[in-house]
Amino acid sequence: MNNTLHSRTVTVAGIGETLMGRYPDRSIRDMIQEAGAKAIADSGIDVNLIQAVYVGNFAGQQLAQQGHIGSLVGETLGLLGVPTMRLEAACVSGGLAFLQGIQAIRSGLYDVVLVGGVEKMTHQPTDIVTSALATAMDAELEASSGLTFPGSFAMIANRYFHEFRDVRHEMAQVAVSAHDNALLNPHAQMRKAITIDDVLSAPRIADPFGLFDCSLVTDGAAFMVLTTEEIARQAGSRNRVVTVSGAGHGGDALTLHGKKSMTSFAATKQAAAQAYAQAGLGPQDIDLAEVHDCFTITQIINTEDLGFFEPGTGADAVATGRTSRLGDKPINVSGGLKAKGHPIGATGISQAIEIVTQLRGDAQDRQIPQADIGLTHNLGGTAGTCVVTILEGE
Amino acid sequence: MSIPTLHTFTIIRTAPSLFREEAPYCVGIVKDGDQLTTSRIDGYREELRTVIGQRLIRLPASSPSGAQYSF
């Protein structure tokens with residue numbers, strides 16, 4: 001272990017994830033084994049060099065009767081004696097694991113770490129999953145009223161309509177685009193084309209949201225090996241070197257009513273400002289982004305908060321095709337949470353895996369032509385916590 | 001005393017297990033004086049037109065649904 005505190009360049013040396021989907025017969029252990037082993041093998045780094053594990057998981061106890069997931073990862077992957085840590089902040093649990101790993105390498109605390117996330121959800125009925133998700137809001141001040149997460153973001157959507165304009169049609173376009181992108185992603189859960197009419201006529205969940213405005217319930221795991229640039233090069237991988245040039249962390253009130261704005265998320269702005277400053281870059285420099293589209297309105301707001309578009313104009317960018325796979329600011333080329341899937345604790349890592357895959361030029365049919373700088377945006381709860389990272393290909 | 005108004009709202013149609021029998025129901029964020037509060041809004045009916053800025057009635061005590069306000 002290197003205890004010298006200084007800033008070093010962090011490299012994503014290895015990536016691995018399961019297919020995202022409904023796997024009622026797969027255990028958490030099984031998914032960790034597959035995704036973790038893939039990431040370690042992809043890195044070319046000796047497993048014995050891994051010094052710590054950071055893993056995101058949201059609802060292991062409630063949905064899978066499994067806690068202490070850090071230690072489970074260690075044992076499953078043969079990392080006995082390696083310190084592990086589980087991080088939980090709702091949907092940004094994976095993003096926090098990524099951030100924790102970045103900080104450990106940057107600071108010199110460790111030279112090689114494994115970061116990841118895992119969630120097993122689909123074996124539970126919808127109302128049980130809905131109840132588990134609701135624990136990420138304020139139990140006393142919000143959930144006790146019968147509010148759900150779709151309900152919370154539906155209130156955001158209605159407020160957005162009030163402050164700007166009704167963007168239901170563009171929200172439907174967000175869903176259609178996500179499904180189109182997922183058709184090209186073999187890792188995606190929902191590889192099925194849909195139309196705007198399908199979205200607008202879907203069963204109502206929480207007005208104005210229908211079923212297709214909501215992200216998926218997903219089983220899945222995703223892992224990455226992080227290390228220094230020097231060690232990554234020594235490992236001799238033929239992959240393009242991908243470095244983390246920015247990593248920001250933002251926070252805001254847990255409750256929706258406690259936020260200064262319901263149509264712009266302060267946690268995103270804070271995290272993005274940090275990440276951009278560290279990277280010496282701005283929104284105009286980002287070639288593609290994976291943003292937290294837990295609901296269709298959220299993608300629109302996120303692209304405004306990240307500075308890609310002016311407030312109130314994110315929907316215009318969707319309508320004119322700017323955020324499509326072949327647009328000038330491709331968003332969620334993977335299919336996003338909406339169609340690739342949302343295995344909550346793993347989502348932040350899975351987003352980064354898509355960016356690394358694109359920067360390496362390995363995204364095959366969904367590869368975007370210009371992929372040198374990518375951004376991930378992972379949001380927790382009703383935008384109470386946010387992690388933004390910027391990754392660059394050498 | 002100020003009149004509470006609806007700052008934003010939703011109609012919950014897929015509810016958590018504890019509230020499943022009560023759906024559909026309205027949850028809103030209410031502006032009451034300088035305060036914003038999340039609350040169930042009693043008296044929701046499908047034929048009711050619900051709009052942001054709408055005036056609400058403050059209940060003297062929480063209703064059985066926990067609501068502090070009603071239409």
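This report covers confidence, helix packing, selected buried residues and unusual backbone geometry in a predicted model.

**Confidence**

Chain A has an average pLDDT of 96. Of its residues, 98% score at least 70. Residues 1-6 of chain A are a weak stretch, with pLDDT under 50. For that stretch the model has 16 contacts beyond four places in sequence.

**Helix α3 of chain A**

Helix α3(A) spans residues 69-76. Six of its eight residues are buried, so the helix is largely enclosed by the rest of the structure. The buried residues are A:Ile69, A:Gly70, A:Leu72, A:Val73, A:Gly74 and A:Thr76. They pack against helices α1 (28-43) and α2 (60-64) of chain A. They also pack against strands β2 (52-56), β3 (84-87), β4 (112-119) and β7 (220-228) of that chain. Just after the helix, A:Gly78 takes a positive phi of about 75 degrees.

**Two helix pairs**

Two packed helices are described by the angle between their axes and the distance between the axes. The table gives these values for two pairs in chain A.

| Helix pair | Angle between axes | Distance between axes |
|---|---|---|
| α1(A) and α3(A) | about 55 degrees | 9 Å |
| α6(A) and α11(A) | about 60 degrees | 10 Å |

Helix α6(A) covers residues 149-163, and helix α11(A) covers residues 296-305. Their angle makes α6(A) oblique to α11(A). The crossing is left-handed. From α6(A), the contact uses A:Phe153, A:Ile156, A:Ala157 and A:Tyr160. From α11(A), it uses A:Ile297, A:Thr298, A:Ile300, A:Ile301 and A:Glu304.

Helices α1(A) and α3(A) are oblique to each other too. Their crossing is right-handed. A:Ile28, A:Arg29, A:Ile32 and A:Gln33 of α1(A) meet A:Ile69, A:Leu72, A:Val73 and A:Thr76 of α3(A). Those four α3(A) residues are among the buried ones of that helix.

**Two buried residues and their contacts**

A:His342 sits in the loop between α13 (336-339) and α14 (347-360) of chain A. Its relative accessibility is 4%, so A:His342 counts as buried. The side chain of A:His342 makes a polar contact with that of A:Thr347, at 2.7 Å. Beyond four places in sequence, the contacts of A:His342 include A:Cys91, A:Met121, A:Ser215, A:Leu216, A:Thr218 and A:His292. A:Leu337 and A:Thr347 are also in contact with A:His342.

In chain B, B:Ser70 lies in strand β5 (residues 69-70). B:Ser70 is buried, at 12% relative accessibility. Outside its neighbours within four places in sequence, B:Ser70 is in contact with B:Ile41, B:Asp42, B:Leu56, B:Ile57 and B:Leu59.

**Backbone geometry**

A cis peptide bond links A:Asp207 to A:Pro208, with omega of about 10 degrees. A:Pro208 is in the loop between β5 (204-206) and β6 (209-210) of chain A. Chain B has a cis bond from B:Ala23 to B:Pro24, with omega near 0 degrees. B:Pro24 is in the loop between β1 (5-12) and β2 (25-32) of chain B.

A:Asn332 is not a glycine, yet its phi is positive, near 55 degrees. A:Asn332 lies in the loop between α12 (314-319) and α13 of chain A. Its relative accessible area is 2%, so A:Asn332 is buried. A:Ala383, also not a glycine, has a positive phi of about 60 degrees. A:Ala383 is in the loop between β10 (373-380) and β11 (385-393) of chain A. At 0% relative accessibility, A:Ala383 counts as buried.

How values were computed. Residues are numbered from 1 along each chain as its sequence is written. Chains are lettered from A and ligands numbered from 1 in the order in which they are written. This is a predicted model: local features need pLDDT of at least 70, side-chain atom pairs count only at pLDDT 80 or more; totals for chains, interfaces and linings use all residues. Side-chain values use heavy atoms; hydrogens and water are left out. Helices (H or I, at least four residues) and strands (E, at least two) are DSSP runs, numbered from the N terminus. Buried means under 20% relative accessible area, exposed over 50%, partly exposed in between (1.4 Å probe, protein chains only). A polar contact is a pair of N or O atoms within 3.5 Å; within protein, one must be able to donate a hydrogen and the other to accept it, and residues adjacent in sequence count only if both atoms are side-chain atoms. Contact means heavy atoms within 4.5 Å. pLDDT is the predictor's confidence in each residue, from 0 to 100. Axes are lines fitted to C-alpha atoms, for helices over the stretch in contact, and angles run from 0 to 180 degrees between N-to-C directions. Angles under 35 degrees count as roughly parallel, over 145 as roughly antiparallel, 65 to 115 as roughly perpendicular and the rest as oblique. A crossing is left-handed if the near helix is turned anticlockwise from the far one by less than a right angle, and right-handed if clockwise.
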